[in-house]
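This report describes how the chains of one assembly meet, followed by a helix and two cysteines. The sequence and the structure come first.

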There are 4 protein chains.
Amino acid sequence: MDPLAVKNLTGLVAATFTPLNPQGEINLSVIGPYIDYLIEKQGVNSIFVNGTTGESMSLSVEERKTLANDWCKKAKGKMDHVIIHVGCMSLKDSQELAIHAAQIGADGIAVISPSFFKPRSAEVLRTFLQEVASVAPSLPFYYYHIPAITGVNVLVRDLLEDIEKVIPSFRGVKFSGSDLMDFGQCLSYSQPQWSFLYGMDEQLIAALAMGANGAVGSTYNYIGSNMNELISAFEKGDIAKARTIQFKMQELLSFAMKLGFDLGVNKQLMSVVSGLCLGPPRLPVMQCSDAHALSIAEKLRRLFPEH
Amino acid sequence: MDPLAVKNLTGLVAATFTPLNPQGEINLSVIGPYIDYLIEKQGVNSIFVNGTTGESMSLSVEERKTLANDWCKKAKGKMDHVIIHVGCMSLKDSQELAIHAAQIGADGIAVISPSFFKPRSAEVLRTFLQEVASVAPSLPFYYYHIPAITGVNVLVRDLLEDIEKVIPSFRGVKFSGSDLMDFGQCLSYSQPQWSFLYGMDEQLIAALAMGANGAVGSTYNYIGSNMNELISAFEKGDIAKARTIQFKMQELLSFAMKLGFDLGVNKQLMSVVSGLCLGPPRLPVMQCSDAHALSIAEKLRRLFPEH
Amino acid sequence: MDPLAVKNLTGLVAATFTPLNPQGEINLSVIGPYIDYLIEKQGVNSIFVNGTTGESMSLSVEERKTLANDWCKKAKGKMDHVIIHVGCMSLKDSQELAIHAAQIGADGIAVISPSFFKPRSAEVLRTFLQEVASVAPSLPFYYYHIPAITGVNVLVRDLLEDIEKVIPSFRGVKFSGSDLMDFGQCLSYSQPQWSFLYGMDEQLIAALAMGANGAVGSTYNYIGSNMNELISAFEKGDIAKARTIQFKMQELLSFAMKLGFDLGVNKQLMSVVSGLCLGPPRLPVMQCSDAHALSIAEKLRRLFPEH
Amino acid sequence: MDPLAVKNLTGLVAATFTPLNPQGEINLSVIGPYIDYLIEKQGVNSIFVNGTTGESMSLSVEERKTLANDWCKKAKGKMDHVIIHVGCMSLKDSQELAIHAAQIGADGIAVISPSFFKPRSAEVLRTFLQEVASVAPSLPFYYYHIPAITGVNVLVRDLLEDIEKVIPSFRGVKFSGSDLMDFGQCLSYSQPQWSFLYGMDEQLIAALAMGANGAVGSTYNYIGSNMNELISAFEKGDIAKARTIQFKMQELLSFAMKLGFDLGVNKQLMSVVSGLCLGPPRLPVMQCSDAHALSIAEKLRRLFPEH
């Protein structure tokens, strides 16, 4: 079967956290239960591995391979899509990870813009992405757009211009930006086999109105079931219900942000909510106190009592 | 009648341009036809006068009074709401304009955050707004939030906390920002007599999904009828139709932005599309060439052939 | 005498605070003693009136005139240069103030870039400045560059290109920016009758090395005598001594910044150190507590015991 | 001998470019001649390897080791200091490179702040640096501060607080920032065995006035001899001469910036001026045209005819 002939990436995709043991080394034993938790408790059937949530930039290339391999192996036959993020500051490293992703049977790869040296135009970024995609031509390729972190504000719509000619495996974008005009113009230009997944969980309903095909984010790890309800309600035309869920979710995030809500807190929150032992983050992300995460978890349970 | 008992501000509100003659002085003769144009050709029945689009910060206090007076007088009995923006860098000037707005029978006033000296917290901003509102207590009061221009990123939701206690005339917000979580949390906290009007025309559909009560913007001057259709379609549950209109509108703006699209271009575009003689902008906004505006107008007519 | 034939503006220039009474109205009675204090206690013989430190953007045009008039009248025969800042968001207001400054016998005017609408190029900014300068052609004209506040990052060197042709009264720049390459290129391009005054007091020694002709700042109100010593030491080639003074001054500012150091604190600090009753700032600048200012004043006296 | 007892790092340090062959692979054959060129033609006797100029973030860990090893081996006995930059996004990678640098006999290591995940305080950054330094305790350790690229604006002075207690091998900072108050406060707090090297070549004279112990930068590759003259003049008290050289150097950079001056241009300029074949940069940095670099080289030769 042509791997590029797979069905489109849609619905909710969890951006997975990377389990570490208390010593800060990767802890593969959590991955199996993690996958089951997402499927059974959250109704989430696709994952985005080694992304920002997964602290990929704090991992070595070898660690990323080990993780990618384990996630793919254990998700096989259980999940719809396992997308491996292979973006690095170094093109060489990205290519090595892309080749590896193809070898281990990933369902797709994603690449963020390099952010230390920033591409000065859409054309340069497209060329960079092309160099990565070309070493794994049989894998569906996604661009990962997150300008607030990378500082790379290239319009995605400009990046898309004739992209299928230089990246035949191009299949879509994880769009984690607030420029919904750019997002809309991408959707307006989209092709049938492309997917545009929104990445700012706190305003998913807005992206759905614009036509998003799905969503990738970290909160889908622990409130995926609720956000699935939001999507269902929206699709049925029950905007009011979808909005109610979105507002509750925003209330959760607002509460967390007032307390302090970085990746370390987010990871600890997932441990507390799911019962999985994800362990600490890695420096320069700092571990948060138990009380801090528990307080947010309590708010979550009050807002979404089914948890 | 209690002026505060008026019906809520909803639907489309045009942020009006300020007509100048070729010598750069205000040209009141255009205002009557301008009002008729908005009502008859665009179906727009409310206006936001002396805002950013109206170049208020480039006008003297006297000029702002003259304009406010003329817009109110000529719109009387024709339009639903005439909101006068009275925000200035100086609290004194804002108060003078607020008192004047009450005298001339405006339907409400709006105030932007001062941006030269920036309020360092929601509390300071609320106090500033209170000082303005208190001199015109009978006028519905709106906060005008536009962080990309003011650099004041106070969360509007924080500003709203108990705002009715210090500003009893508070009636809503013109929200020209991309933080839709903040917007959503405002709507979630809203009271029946409050209105939240969205101000980034290019992503109105996203704000409608979040629950926006209406919209204020400059494009409603010349594509108000189309954007009214967008709102109608959305309200009827025809998201696909609303989206199609939004995408066309985005295509127009994308085209304009590639050419260059600042307030000077926007004003000239309105002159070309409407046939009204709005004249040049005032320095430091520069006048654009005729060809530049004509090229955008042509694109507009191709996208929205009814014009 | 040709007013433009005056001697160059050099040395230290105090950016004056605006005295207000407890009710927040301007308090002219402090101005006479303030001038004497600067001359006698600080050895500062030039002033920059109605600038950022003077909260000009929070004053009405009438208030600015009243203040300008009083400062000029009372400084006459006592001070070397009284420069009136006439920059406003509105060109009209700036012109009105420039004409007024000429009438009251100011020694020069200065203009900041408008910052609500930002000039999109050096050429547009030059044209704006020209429009102001042209209504007061007999007054030495200075551009006031402070990009951290205005957000206008036009290179001053670009602005200077042929500026004497469009602004014959051009005499220099108050350069409150950290781009010392731009500053150096201005000095390299400078003409004999031009003055480049540096405006970041905390790194004055760096600007002197680059060739600054003087300095304008708020700290010269209360540590002018020390900073005069710094300049003298530098001019005599005693860099080590100049550096020691600069380091002490930086220690003062660092201390203040850790406590919180905005314009409200700065104004209160001046009241405490000088004994002058400058009163509160005006909203949106907030008044600071007495303890806050006293704590900084104590640090100042420990670092500079002569006070 | 205690490697930490070496003499302080002072004077000019060239931040080296990484030689690549036309296929984009590292080209060690250029390194020997490169070292000779720096010593003989530029009078530069220390190097900063694998920094920003060296495109380290675009290299794999293995490539960085190969380069570090070759630079150390070939500079041995010829140069005063070979500092290997070992900073990476991943702490693991940085530690691996630090251990390697100790094995190959580097004279010191430097570490930039991670910039994808940004340390949220001076304390977190200090802890990150400590984790790297601790695996190579015998190597002089330098922090590399370049906030315009990393977006990490931690005050260096805050970072220094008691740093010798957690990083006994701490020896100084490459300070590539424009906050000269922070720089001054670092120098004021400095200890005898510490060195503060300034990294914005275009305003070196300002940093010398503040007390800089030396400088690290990319332009010292090709105008090191001139900048050595600048330093000599400054040290002899001939500020005017130092300034003249600085102004010419700024004129060169201004000229280059108008044409476009990123790392790709800079690298090509070095090839043209030195005659060394440094090859292309690596994506996402783009190669510049020959004409572009030649035009800048011509300007350089006109300004500094000795080349």
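Contact is taken as heavy atoms within 4.5 Å. By that rule no contact joins chain A and chain C, whose closest C-alpha atoms lie 19 Å apart. Chain B and chain D do not touch either, with their nearest C-alpha atoms 18 Å apart.

The model is predicted, and local features need pLDDT of at least 70, side-chain atom pairs count only at pLDDT 80 or more, and totals for chains, interfaces and linings use all residues. Residues are numbered from 1 along each chain as its sequence is written, chains are lettered from A and ligands numbered from 1 in the order in which they are written, and side-chain values use heavy atoms, with hydrogens and water left out.

**Two interfaces of chain A**

The size of an interface is often given as the accessible area lost when the parts come together. Here buried area is the accessible area (1.4 Å probe) that two parts lose on being put together, summed over both. A salt bridge is a side-chain nitrogen of Lys or Arg within 4 Å of a carboxyl oxygen of Asp or Glu. A polar contact is a pair of N or O atoms within 3.5 Å; within protein, one must be able to donate a hydrogen and the other to accept it, and residues adjacent in sequence count only if both atoms are side-chain atoms.

| Interface | Buried area | Share on carbon and sulfur atoms |
|---|---|---|
| chain A and chain B | about 2200 Å² | 60% |
| chain A and chain D | about 2900 Å² | 72% |

Between chain A and chain B, 28 residues of chain A are in contact with 28 residues of chain B. On the chain A side, Met181(A), Met210(A) and Phe247(A) lose the most area to chain B, together 28% of what that side buries. There are 2 salt bridges between these chains, and one pair in such a bridge is Lys258(A) and Asp158(B), at 2.7 Å from N to O. The rule for polar contacts finds 14 residue pairs across this interface, both at pLDDT 80 or more. Helices H8 (180-189), H9 (204-210) and H11 (239-259) of chain A each supply at least two residues of the side that touches chain B; helices are DSSP runs (H or I, at least four residues), numbered from the N terminus. H11(A) gives the largest share, 10 residues.

The contact between chain A and chain D takes 32 residues from each of chain A and chain D. Phe116(A), Phe117(A) and Pro284(A) supply 26% of the area that chain A buries against chain D, more than any other three residues. The count of salt bridges is 6, and Glu63(D) and Lys92(A) meet in a salt bridge at 3.5 Å, N to O. Helix H3 (91-103) and helix H4 (122-133) of chain A give two or more residues each to the side that touches chain D. H4(A) gives the most, with 4 residues.

**Helix H8 of chain B and the cysteines**

Buried means under 20% relative accessible area, exposed over 50%, and partly exposed in between (1.4 Å probe, protein chains only). Of the 10 residues of H8(B), residues 180-189, 8 are buried, so the helix is largely enclosed by the rest of the structure. Among them are Leu180(B), Phe183(B) and Cys186(B). Asp179(B) caps the N-terminal end of H8(B), a side-chain oxygen lying 3.1 Å from the backbone nitrogen of Met181(B).

A disulfide is a pair of cysteine sulfur atoms within 2.5 Å, and the whole structure holds 0 disulfides over all chains. The sulfur of Cys277(B) has its closest cysteine sulfur 14 Å away, in Cys288(B), which is too far for a bond. Cys277(B) is exposed at 59% relative accessibility, whereas Cys288(B) is buried at 11%.
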